[in-house]
Amino acid sequence: MVDLTTYEKINEDIKFTEEETVELLKLSEKEILVLILSELKKITENTDKK
């Protein structure tokens with residue numbers, strides 16, 4: 001079973017400034033997917049270390 005508190009913590013950590021949001025909206029779908037996958041990889045690596 002997935003620990004939902006992990007997702008709550010991740011959600012709290014994801015905060016964007018207005019400027020960052022504008023930049024994110026300019027990205028293509030492929031660029032967004034690459035960003036998401038790279039962040040998931042970082043999160044997984046950090047979780048595995050604990």
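Patches are made of residues with over 30% relative accessible area and no salt bridge, nonpolar side chains being joined within 5 Å. In the predicted model described here, one nonpolar surface patch is formed by Ile32, Leu33, Ile36, Leu37 and Leu40. Together, these five side chains contribute about 450 Å² of accessible area. Two members of the patch, isoleucine 32 and leucine 33, are found in helix α3.

The protein as a whole contains 3 helices and 0 strands, and its elements follow one another along the sequence in the pattern α-α-α. Helix α3 spans residues 29-49. Of the 50 residues of the protein, 0% are classed as buried. The exposed surface of the protein amounts to about 5100 Å², of which 60% is supplied by carbon and sulfur atoms.

The accessibility of individual residues in helix α3 was examined next. Isoleucine 32 has a relative accessible area of 33% and is therefore partly exposed, since this class lies between the limits of 20% and 50%. The value of 33% also lies over the 30% required of a patch residue. Leucine 33, with a relative accessible area of 46%, is likewise assigned to the partly exposed class. Leucine 35, also located in helix α3, counts as partly exposed because its relative accessibility is 39%.

Contacts with residues distant in sequence were then considered for two of these side chains. When neighbours within four places in sequence are left aside, isoleucine 32 is in contact with Leu24 and Leu27. For leucine 35, with residues up to four places away not counted, the contacts are again with Leu24 and Leu27. Leucine 35 and leucine 24 are 11 residues apart along the chain, and a distance of 9.9 Å separates their C-alpha atoms. Leu24 and Leu27 are thus contacted by isoleucine 32 as well as by leucine 35.

Charged side chains were also analysed. Side chains of opposite charge can pair when their charged atoms come close. In the model, the count comes to 2 salt bridges. One of these joins glutamate 23 to lysine 26, with the closest N and O atoms 3.3 Å apart. This separation meets the criterion for a salt bridge, because the nitrogen is required to lie within 4 Å of the carboxyl oxygen. Glutamate 23 is partly exposed at 44% relative accessibility, whereas lysine 26 is exposed, with a relative accessible area of 59%. The value for lysine 26 places this residue in the exposed class because the limit is set at over 50%.

The other pairing involves glutamate 39 and lysine 42, whose side chains meet in a salt bridge with an N to O distance of 3.0 Å. Both residues belong to helix α3, and because they are 3 residues apart, about one helical turn separates glutamate 39 from lysine 42. Glutamate 39 is partly exposed, its relative accessible area being 38%. Lysine 42 is also partly exposed, with a relative accessible area of 45%.

Definitions and conventions. Residues are numbered from 1 along each chain as its sequence is written. This is a predicted model: local features need pLDDT of at least 70, side-chain atom pairs count only at pLDDT 80 or more; totals for chains, interfaces and linings use all residues. Side-chain values use heavy atoms; hydrogens and water are left out. Helices (H or I, at least four residues) and strands (E, at least two) are DSSP runs, numbered from the N terminus. Buried means under 20% relative accessible area, exposed over 50%, partly exposed in between (1.4 Å probe, protein chains only). Accessible areas come from the Shrake-Rupley method with a 1.4 Å probe; for residues, only the protein chains shown count as cover. Contact means heavy atoms within 4.5 Å. Patches are made of residues with over 30% relative accessible area and no salt bridge: like charges are joined within 9 Å, nonpolar side chains (Val, Leu, Ile, Met, Phe, Trp, Tyr) within 5 Å.
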